[in-house]
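Me: I am new to this structure and would like to learn how to read its features one at a time. Could we begin with the general idea in each case and then turn to the example?

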Amino acid sequence: FTLGILPNMGGAVRALGMLATGHPPKRYGNCIHFEAGKGWGGRSAGIFLFTEEDAPQSLLDHEHGHSLQNCFYGPLMPLAVNLPSTARYYGRKLLAHYAPHKLKGDYYDAWFEAEASRVGTEFMNRQRSAAQEEMP
């Protein structure tokens, strides 16, 4: 938490905004999760996840993976993952709208996106397995 303080601080500010606008928090894995709107995907900021309403499990796992990356990369997270991920997301959105023929590859081809999906899915699968083992 302390090494990745910048994304957590930004997430805390957004979380306060979500609470102020009547969006109740949920828990997803080790994160605090808020939902709002439809059709936009998701965003993580430290331990805070922000996704569209009714987001698929794969998106939630992916965003949780970014939260885990915050633990791995600490103070490097904004430069190593957050900024490139944001630029990639909006850059691809613009290309899809204005020059779809130039849009190449998959969103998850970038190492930081692939890693977020992999570690988030692995972590959450272990959480789901442990929860099932505890059930009577």
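Reply: Let us start with burial: a residue counts as buried when its relative accessible area is under 20%, as exposed when that area is over 50%, and as partly exposed in between. Keep in mind throughout that this is a predicted model. Within it, T51 has a relative accessible area of 0%, so T51 is buried.

Me: Where is T51 found, and what is it in contact with?

Reply: T51 is found in strand β4. Leaving aside neighbours within four places in sequence, T51 is in contact with H33, F34, E35, A36, W40, G41, G42, L59, L60 and E63. With one of these, E63, the separation can be given in two ways: T51 and E63 are twelve residues apart in sequence, and their C-alpha atoms are 8.5 Å apart in space.

Me: How does one read a pair of aromatic rings, and how many such pairs does a search of the whole structure find?

Reply: A pair of aromatic rings is described by the distance of the centres and the angle of the planes. A search of the whole structure finds six aromatic pairs. In one of them, F34 and F50 are stacked, with 5.7 Å from centre to centre and 10° between the planes. This pair links distant parts of the chain, since F34 belongs to strand β2 (residues 31-35) and F50 to strand β4 (residues 48-51), 16 residues apart. Both F34 and F50 are buried.

Me: What arrangement do the rings of F72 and Y73 have?

Reply: Planes over 60 degrees apart count as edge-to-face. The rings of F72 and Y73 have their planes at 85° and their centres 6.2 Å apart, so this pair is edge-to-face. Y73 has a relative accessible area of 23%, and is therefore partly exposed. Together with W111 and F112, the residues F72 and Y73 form one aromatic cluster. A ring can also have a charge over it, as with Y107, where the charged end of R88 sits over the ring, 5.8 Å from its centre.

Me: How can the length of a helix be checked, taking α4 as the case?

Reply: The expected span is 1.5 Å times one less than the number of residues. Helix α4 (residues 111-134) has 24 residues and should therefore span 34 Å, and its end C-alpha atoms are 35 Å apart, which agrees. For α3, whose 22 residues should span 32 Å, the end C-alpha atoms are 30 Å apart, and this agrees too.

Me: Which residues of these two helices are buried, and what do they pack against?

Reply: In α4, the buried residues are F112, E113, E115, A116, V119, G120, F123 and M124, and they pack against β1 (26-28), α2 (57-73) and α3 (77-98). In α3, the buried residues are M77, P78, V81, N82, S85 and R92, and what covers them includes α1 (5-20), β3 (42-45), α2 and α4. R126 is also found in helix α4, but R126 counts as exposed because its relative accessibility is 54%.

Me: Which residues make up the largest nonpolar core?

Reply: A nonpolar core is a set of buried nonpolar residues joined through side-chain atoms within 4.5 Å. The largest one here has ten residues, namely Y28, C31, L49, A55, L59, L60, L68, V119, F123 and M124. The elements giving two or more residues to this core are α2 and α4. Not counting residues up to four places away in sequence, L60 touches Y28, H33, L49, T51 and A55. A second, separate core has seven residues, including A15, M18, F34 and F50.

Me: Why is there no disulfide between C31 and C71?

Reply: A disulfide needs two cysteine sulfur atoms within 2.5 Å. The closest cysteine sulfur to that of C31 is in C71, at 8.2 Å, which is too far for a bond, and the structure holds zero disulfides. C31 is buried, with a relative accessible area of 1%, whereas C71 counts as exposed at 55%.

Me: What is the phi of D54, and is D54 buried or exposed?

Reply: Most residues other than glycine have a negative phi. D54 has a positive phi of about 55° although it is not a glycine. D54 lies in the loop between β4 and α2, and at 64% relative accessibility D54 counts as exposed.

How values were computed. Residues numbered from 1 in each chain as written. Predicted model: local features only at pLDDT ≥ 70, side-chain atom pairs only at ≥ 80, totals over all residues. Heavy atoms only, no water. Phe/Tyr/Trp six-rings, centres within 6.5 Å; stacked < 30°, edge-to-face > 60°. Helix = DSSP H or I, 4+ residues; strand = E, 2+ residues; numbered from the N terminus. Buried < 20%, exposed > 50% of the residue type's maximum accessible area, 1.4 Å probe, protein only. Lys NZ or Arg CZ within 6 Å of the ring centre and 35° of its normal. Contact = heavy atoms within 4.5 Å.
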